[in-house]
Each structure stands twice: as structure tokens, then as C-alpha cells.
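This briefing goes through the packing and side-chain pairing in one protein chain. Please keep the sequence and the coordinates at hand while reading.

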Amino acid sequence: MAKNDLGIDLGTANFIVYQLGKGIVLNEPSVVAIEKKTNKILAIGSEAKEMLGKTPEDKILAVKPMRDGVIADYTIISNVLKYFIKKLNKSMFFKCNMVIGIPTKTTSVEQRAVYDAALKAGAKRVHIVLEPTVAAIGTGLDVMKPMGNMVIDIGGGTTDIAVISLGGIVVGDSIKLAGNALDETIVKGTRRTFGLIIGESTAEEIKIKIGKVHPDVEDLELEIKGRDAVTGLPRTEIINSTDVYKMIKSVIENIISRIKLVLEKTPPELSADIVKHGIVLTGGGALLRGIDKAIEEEIGVPCKIADEPLLCVAKGTGILLENEELLKHVAVTYEK
């Protein structure tokens, strides 16, 4: 693998890029601003995110090209990958290799769409890997051992639950309940509880700054701004962590029930390993205050949050760029 090669976490919430020899070189929200007339990308990431809901509809379009962990707009993703290559590759004549992480339950058609988008963007070779496996590698777990490792990757669009052994997923599930679902629940809950209409960006801020998923976690407060549901006029409101906990409790309970289902299908030998070594949480959702405590109490298995959980998939792609033998074993599609 060459020094320009890229490992990419095409997340619903964030685009994270790992460049061989440099580490994480790009970590931006998965939002793209496009000029309607020319279809030209005007901005990617934070700059584009600031435009969400604020653009003149006839001129600029701010979109999220990944939805529920899969490509919602193939052309935009191809242009995004092209943008990454152009930005990070100094040589115009050298094509880079790519390792791209995708959710567990993506279909072969969706996997092919990612593969084709990368090739169209100018990649030389493309390797597709499943996110729970690559996240486990990113946390430092040895996925090639005959031992059960359980990883729960809570992203923006999907929560991937997987029991990994000998380089593959023995039992797994991917559900469309994750960060975005929590944001939507907070939007609805804020309207129901306070009669205040807020946008998804405000809901995300609430979740990150004061959200909690266990009653024992410290209560925090936040002043939020929105539109009164009755008068339609702007107003502010104080919301606290307990309010948020009540709003998102049902979503967390649904995620935990799916974790239980995966554990029920896990072979007894691997279950014993999981009880001994615990469950590892990765993805942005792992940063929700009390998430490890909530899962541990419900399931009765030790639960720990990975170091820098948001970066685990990208770090895993970096390890795979450096270890071609391991990449051969874990890649869903491997191009020689």
C-alpha cells in the first residue's frame, strides 16, 4: 500500500478519513452544499452543515448524502470521494487505494454502489469492510483469534451489533436506531413537553451537551432557542438532562432489546468469552452519558467505551491499509 492510500468511514453523521502515514486527516459532518445550476460541490462538512435549512432553495442545496448508513445519493458520494482524493493526494498522476467501512446489513447492491462510487472517484483499488469488524480492529482487538468479541457501533444512522471471531461476524444485526433517531425523538419531545419547535441541529446540541441515558448520571441544564408551537414567535426555554432522558429512553430500550436478541443467538462458547471480556462500545453514540451503565445493568455483562469511539472505524481502516493479509481476511470485497 502506498502513502497516499485512504481509509474512509462514510458515516451518516461524519466523514472521517485516515491517510496512510499521517493518521486521521479529515473529520467533518456528513453534509454537502451543492450549487443547483452546475451540480458543483461548494462546501463539505462543517461549512456545509452551517447552511442546513438556511440556503436559498433555487440556488444552493445542503444535503446529507448518507441516510441510515447507506448512500442516499450515489453521484454526490462519488464527488465527495473525488474531493477527498484531490484534497489529500498531491500527485495528479497517482491513484490511491481505498478501504471503506460500511454497516453490517448493507445489501450486495448497496456494497456495489459504494465500490463503484469509489472507482468512479478515481480510486485504484477499493476494499469494502463491515463497520463492526473494522471498529473492533480500530479498538485494538485481535479479531483473528478463535474468541468471541462483541462490538456495538452506535453511529448516526445505524447501530451495528456484532459478535466477531476468526475474522468474521458470527452473529450480527444492524438497526436504524442511532444518533439521528435520538435527535428526531428530542425534536418531538421538546415540542410535546415545552411547546417549542426546534431543528435537528439544536436537538443534536441538546443530546451532546446534556443528554443522558441513565437516571444516576449528573443532571445538567441548557438554554435552547426555538419557535413557540402556538404563537409561532421565537422564544427560549431551559431544558435539563432528566427531560432528555425521558424523551430518549424508549429508543435506548429498543437498542438494548436488539443487543439481547444478538446475545440469545450467540453460540455458548462465544457467550462465555463475552462475559469474560465484556462488550466494547464504539461510534459517536458511545459518548452518550451513561450508555455503558444502562447496557451493563440491563444485560449483566461488563461494558466499556473504546478510546476515541468516534474514530474507531477510521483507525481500523488505517490498520488494514498497513496489514494486507488481515485486509484479505476481513474485506467483503477485495480487489487484487
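The points below cover the nonpolar cores, the aromatic residues, one helix, the salt bridges and two single residues. The structure is a predicted model. Its largest nonpolar core has 42 residues, and a second, separate core has 33. The model also holds two aromatic pairs and 16 salt bridges.

**Nonpolar cores**

- Within the largest core of 42 residues, the members that touch the most other members are Met150, Ile186, Ile206, Ile239, Ile259, Ile291 and Ile295.
- Helix α7, which spans residues 241-265, supplies the largest share of this core, with 10 residues.
- Beyond its neighbours within four places in sequence, Ile259 is in contact with Met150, Ile152, Ile161, Ile295 and Ile299.
- Met66, Ile76, Ala118 and Leu130 are among the 33 residues of the second, separate core.
- As background, nonpolar side chains tend to be buried together in soluble globular proteins.

**Aromatic residues**

- There are two aromatic pairs in the structure.
- Phe15 and Phe84 make an edge-to-face pair, with 5.9 Å from centre to centre and 75 degrees between the planes.
- Phe15 belongs to strand β2 (residues 14-19) and Phe84 to helix α2 (residues 74-88), so this pair ties together parts that lie 69 residues apart in sequence.
- Both Phe15 and Phe84 are buried.
- One aromatic cluster is formed by Phe15, Tyr83 and Phe84.

**Helix α8 and the residue after it**

- In helix α8 (residues 268-277), the buried residues are Leu270, Asp273 and Ile274.
- These buried residues sit on the same side of α8, because they cover an arc of only 100 degrees around the axis.
- Pro268, Glu269, Val275 and Lys276 are exposed and lie on the face of α8 turned away from the buried side.
- The packing partners of the buried α8 residues are β11 (149-154), β12 (159-165), β13 (168-175), α7 and β17 (279-282).
- Gly278, just after α8, has a positive phi of about 85 degrees.

**Salt bridges**

- The count of salt bridges comes to 16.
- Arg125 and Glu324 form a salt bridge in which the closest N and O atoms are 2.9 Å apart.
- This bridge links distant parts of the chain, 199 residues apart: Arg125 is in strand β10 (residues 125-130) and Glu324 in helix α11 (residues 324-330).
- Arg125 counts as buried at 16% relative accessibility, whereas Glu324 is partly exposed at 30%.
- Another salt bridge joins the side chains of Glu205 and Lys209, with an N to O distance of 2.9 Å.
- Glu205 and Lys209 are four residues apart in helix α6 (residues 200-210), so about one helical turn separates them.
- Both ends of this bridge are partly exposed: Glu205 has a relative accessibility of 33%, and Lys209 has 47%.
- Lys225 and Glu223 also meet through their side chains in a salt bridge, at 3.9 Å from N to O.
- Lys225 is exposed, with a relative accessible area of 57%, while Glu223 counts as partly exposed at 49%.
- Asp228, Arg235 and Glu237 are joined into one network by salt bridges that share partners.

**Asp183**

- Asp183 is located in helix α5 (residues 179-194).
- With 5% relative accessibility, Asp183 counts as buried.
- The side chains of Asp183 and Lys207 are joined by a polar contact of 3.0 Å.
- Setting aside residues up to four places away in sequence, Asp183 touches Ala203, Glu204 and Lys207.

**Ile60**

- Ile60 is part of strand β6 (residues 60-63).
- Its relative accessibility is 21%, so Ile60 counts as partly exposed; the cut-off for buried is under 20%.
- Leaving out neighbours within four places in sequence, Ile60 is in contact with Ala33, Ile34, Leu42, Met51 and Thr55.
- Ile60 lies 9.7 Å from Ile41, C-alpha to C-alpha, and the two residues are 19 apart in sequence.

Technical notes: Residues numbered from 1 in each chain as written. Predicted model: local features only at pLDDT ≥ 70, side-chain atom pairs only at ≥ 80, totals over all residues. Heavy atoms only, no water. Core = buried A, V, L, I, M, F, W, Y, C linked by side-chain atoms within 4.5 Å. Buried < 20%, exposed > 50% of the residue type's maximum accessible area, 1.4 Å probe, protein only. Helix = DSSP H or I, 4+ residues; strand = E, 2+ residues; numbered from the N terminus. Contact = heavy atoms within 4.5 Å. Phe/Tyr/Trp six-rings, centres within 6.5 Å; stacked < 30°, edge-to-face > 60°. Arc of directions from axis to C-beta. Salt bridge = Lys/Arg side-chain N within 4 Å of Asp/Glu carboxyl O. Polar contact = N/O pair within 3.5 Å; in protein donor to acceptor, adjacent residues only side chain to side chain.
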